[in-house]
Structure formats: C-alpha cells, structure tokens
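Visitor: I'd like a quick tour of this one, with the reasoning spelled out. Can you take me through the terms as we go?

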Amino acid sequence: MDDADAFSGLYEREGEAVLFFLARRSMEPEVAVDLTAETFAVALRSWGTLCPLGPEQRRAWLFTVARRLYGRYARRARVERRAVERLGIQVPPVHRDDLALIEERCGLGELRAALGLELARLSNEQREALRLRVVEERPYDEVARRLGVSEQTARARVSRGLRALTAALEPRFGLGEEAS
Amino acid sequence: MSQRPRVLVELGVELDRAAREVLVDVSKSGRRTIAGRLRWRWRAVPVLALLVLGGTAVAFASGLFSFGAPVPPTPIFSSADVGLGAVIPGSVKLLPIATPDPKGGPPWGLRVLTTTRGAGCVQVGRLVDSRLVALGQDDAFANDGRAHELPVSAAVTSFGCTPLDSNGRFFNSITMLGQTASAAWWFRSTTCVPTGTPQSTSRAHPACPLADERDVYYGLLGPDAKSITYTLAGQTRTQATTRPDGAYLIVADASAHQRIPGAGGGTADDVPVFSPITSIQYTDGATCHLLTAHKWIAGFHACSPPLKEPIGYAPAIAPTPAQVTAPITARVTYTHVIRFPARVIHTGTRVIHIRAQSISIPARHEITVSFKSRIAIRTLRAQYQLEWHNPREPARVDSYTSIGDSNGFVTRAEADLGEAGAGADIAAGQTLTANIGLLGPPLTHGMVHGTITLYYSTGPSVDGELPTKKIPVGSFTATIP
C-alpha cells in the first residue's frame, strides 16, 4: 500500500466519525463538512508525522486537529481553510439529502431541543447575545449596537454563552468523538 | 450498514486525488517525500503589461496624492508576551524596493518587522512619500482618491508572519492572486469581491472589475538569495533580490477566472509557489530550480535538487530533554464545578478579554496535572502538550491537550496569570496546570496514564510537516476510584 492509499484508507475509516463529531459540535452540517475537509487537508500536509503512527494514534491526532479547528471556528466565526487552499482541494457542496442524513445520524434534533432548555438557563444578556449572533448571524458590531454594549463585551457574552452551553451539553450528549 | 452522506464520498474522491498528487510513492522514489504543501497548476496568465523591475525606489510626489485618514490599527501586536508578540522598536523597515504598478500610479513596496515572540512579518502596500499605504480606489475608502497610511498592525495577513531563524531572519514567499490594486485587502474596506477572494455565500457582492485586480508575488528568500528568474507573458527575466533579506516583489495584472484551486487567491511557502518564478540563484553559485512544471510543490522541497531547508536558513535550536524534564504531579478530585480562568483571546484582529467564571455540571472525577516549566518559552515555536488515556483504552481525542492552548477549557496557569502557554510566554519556573475529565469523555475507574511533551518546531514555519522535535517532559499516573 502506498502513502496515498494509506491516507485514503484513513479517510475511509475516520472521515464519517470526524464529520459527525464536528456536526455535533457546530450543529451546522455545512460547517462540519468544511472543517472535516480542513482536518484531512492538515493531515495530508502532515503525513510525514502521521504516517508512522498506529491507527489509534492517527485517530487521536485527527480529532485533536478537528477540535482545534472547531475551537478556532467558534472563536472567529469563520472556518479556517489554509490547508484546503494550499492543497487546492475543492470542498463539495452539501446536498439537501445530506443535510437531513447528517441531522438524523448526529441526533441534531434532539441536541437542539436540549439546547433550547439550556438556553433558557442562561442569563438574559447571554441569551440575547447568542440569539443575535448565532441565530440571526448578525456581525459583532451590530450585536454590540443592539445590546448597547461594546463589541468586546458582545463577543465576551457570546463566547461565555457558548461555553456554558457546551459545558452543560457535553456530559449529557457525549460530544466527544467516541459518540460518533 | 448506515447510509453515508454523499458529500463524504465526494470529499473522499477529492482528498484521494489530492493525496495522489502530493504524496510521492515510496516505491517509486525510494524514500518518503511529503510533497503536499501545494500543487502546481500553471495556467498561462496573459499579462497586459510587462513589469519593469528595479531596485531603485521611486519617490512619489506627495502632491499627486493627498493623505487621508490612516487605516485604523488592530491589536494584533498589542501584547509582548501573547500571540505574535509586540513589534520590536526599531525593527520596522521599509525595504529598498519599489515595483511599478502595471496600470501606473504609486509603486508597490514591502515592509518588514520582527516581534518579541520571535516572529518576522512582511507587509505589502503602495508607496507614497516613502510610506506604505492603501489607496482610496477600487471601492476602498469611498473612492476618495487619497493615500491611507497602513499602520504595522493593519497590513498583516495570516500568511505574512513566520518564525525567525537562529540568525534572526525569516523566509516567506507569498502569492496573492486577483487582489485589488488599492492594496486595501486586509481590512475589507471594499464593497466588491476580488476574484482571488472566496465568494461569500451569505452576502452578494459584485466582483471587482478585472482591470482593478493584480497578482502580487513577494517575499524574503534569505541572505544568500542573489536573484530570481521569472517568466511572465512569455518573457523571461532575471531580477536581483534586495539584500540582505533576499526580498522580491512582482506585480502583474490579474486575469479572468484565475484562482488558486480550492478557494482564495493567497498562499505562502518557504520558497515561491503558485508564482511565475522559475528559479532562485544563490551567492554560492547554487540554483533552486522551482518545480513549476510539476503538478505538486512542497515548500523548499519544490527546489530541484530538493533542499532539506531553504538555503541560508539557520534552524532553530530546540532544548534538550535534560533541560525540560520535570516532575509532574497528578491530583484526583471529585467536583461538579468547572472553573474557567480569565483569559485573553487574540483573534488576529481583536483582543478579547474574558473574565473568570464557574459553571456547575453533574459531578465527575477530575485530574489536575501540574508541573513547573524548567525553561522560559518566549517563542511561537514551542508548545507543551499533554497526552493521556483511560485504563484499558487507547489514546483518544482528549489525550492531546495543549497546555495553555487558547482554547482554554482545560488549561490554565497558576499564579493568576489568566493565560499562559502556547499562545503566550511561559516563564522559567512557572507552574502550568491542566485539568482532565470535566469536559469531554469522563474518566473511568482504574489507572489513568499520561505524558507531557514539549513540541518544538525548528523549521521555517510552525505548521505542516516541517521539523518538530518532541521533547519528553515527564509522565504521570492517577487512580480513579
């Protein structure tokens, strides 16, 4: 088996798990696909490091990258695409059927319901900041303007709200990779 | 068997194609080569104007361009010990290079700087009155026709900064395709979308007029790079680099439908890629023939014959195991409170301060791992990582936890520092603490094993397949009742 076969085999084994892991984290199938593509593009660029590892170590390595990429996405509200761009990888569009399938396989409906409950437990300030930023996808400067706070404060409220939700949901829904 | 999303299959095909282009088969080459930093897809670029390249700076009469308000600074260099660090006073240098724009107007120039955390950054812009500026054109600055000075923090791309080598130099070659001639790329002041920018799916902006777009190739090739040879519009030219950094800057008209495959128009590497540069000549007579005819390019591997590292690059020196080995303590507790330390997040353009907070969760076991860093870390290159696994289980996603990663969930430094670690300096003797188990997979009954390792990049950049030394700090065990 040559390197390319080995890499493709890794994707065959772990691609779905990585995608579902990221879908549960982001609850956005399109974002999860973009992050999955970047995760494997990083893996391809780092094949020299990854190749000698055993299957479990490779898996751990992959999910580490996936978590970091998701973390950056959560902080910056944009998907990092450096490795994808450098490798010239065309990320395919997410088909409508895929959206439903990923939603179902990842239990995103149930997760969203639980999220609704947890949202109700947040402070009014955090909840409104999340609604404006996450639901209505308004830019931070507009969130800040609507809330009557500085942009820095708006970002902090969104960030704290997201972290609070993650902390509440993760133990119950097993958002780790083993749940995929 | 569960149905697989079609997008996964299609992405797999694309990844497989990329893998076959960038991974050189061991059986064919006799050695493993990672070729995958970039692949070359040269498409003939019809260039509308020949470039006149020279080392003589063009003093642009200030009377032709009045100055508008400077571009607002960003806090990217606001903290000396976090992120990229702060700009070292006196390190900002406008290079003696001025490249004409194909359509006229102020020439293009380069500026370099170094930071307190060992980064070197190169910036590009238009030159007016020996100042690096963006122009009020191409929809930027309401087309006010003025020059807007670029503060050092406002002209930094994600590609523009790399670690300094042992001699305090940095190597970085950047390609920007289809960007507006205003040079106002970095702060999204334009309302049109350059062709080299990924088209936003949520906002419909018109494409910028092609006549307003440029392809800009620039960078630093090191002190030993004497000249470059490039081919544009069928004409081959050799141009001296600017000493002592080996700097070059080429500006050409953009052409329609010209994209770096996959997305946007920007990329960077240790030697020029996705550029018309075909070779680099060095002072010792060596020549790097860039493998532009090949379908892949891999940083300094793109040179033929392949290079271990860019010529003139002095690898960073990593600490030895004896210097970093330290006792590690692991303490098991049972808690239902997650405490998030106060911290500062650097997004590249903003600094966000987050206060400490506590969150209640269902009670779980937690391991608090701590050790004293024996060495000071004041560089982008180094990062402590923690690996652990539950009893009878292999390593898993949570087994790799960057101590001090700006993700911040499970990492914190004591001494009320708020933040420490990979994204920030660590003092010699500073206690670093990481917590395992409250977030992510729960700890299970039995003996948990873990290690801490210092990852230290010695290559020209901190990512990718470039050399990284893994220096063991120590190991720990903890028993979960």
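Guide: Sure. Helices (H or I, at least four residues) and strands (E, at least two) are DSSP runs, numbered from the N terminus. By that rule, the elements of chain A run α-α-α-α-α-α-α-α-α-α: 10 helices and zero strands. Keep in mind that this is a predicted model, where local features need pLDDT of at least 70, side-chain atom pairs count only at pLDDT 80 or more, and totals for chains, interfaces and linings use all residues. Residues are numbered from 1 along each chain as its sequence is written, while chains are lettered from A and ligands numbered from 1 in the order in which they are written.

Visitor: What makes S11 and S15 of chain B a pair?

Guide: Two strands pair if DSSP finds at least two bridges between them. Strand S11 (residues 225-232) and strand S15 (residues 277-282) of chain B have five bridges and run antiparallel, so they qualify as a pair. One bridge matches Thr229(B) with Ser279(B).

Visitor: Why are S12 and S17 of chain B said to stand at the edges?

Guide: The open antiparallel sheet runs S12-S11-S15-S16-S17 in chain B. Strands S12 (235-240) and S17 (303-304) each have a single partner strand, so one side of each lacks a neighbour in the sheet.

Visitor: How do you know that Leu110(B) is buried?

Guide: Leu110(B) belongs to the largest nonpolar core, of 67 residues. Such a core is a set of buried Ala, Val, Leu, Ile, Met, Phe, Trp, Tyr and Cys residues joined through C-beta atoms within 7 Å. Buried means that 20 or more other C-beta atoms lie within 10 Å of a residue's own, with C-beta atoms placed from the backbone, so membership of the core settles the matter.

Notes. Buried ≥ 20, exposed ≤ 12 C-beta atoms within 10 Å, placed from the backbone.
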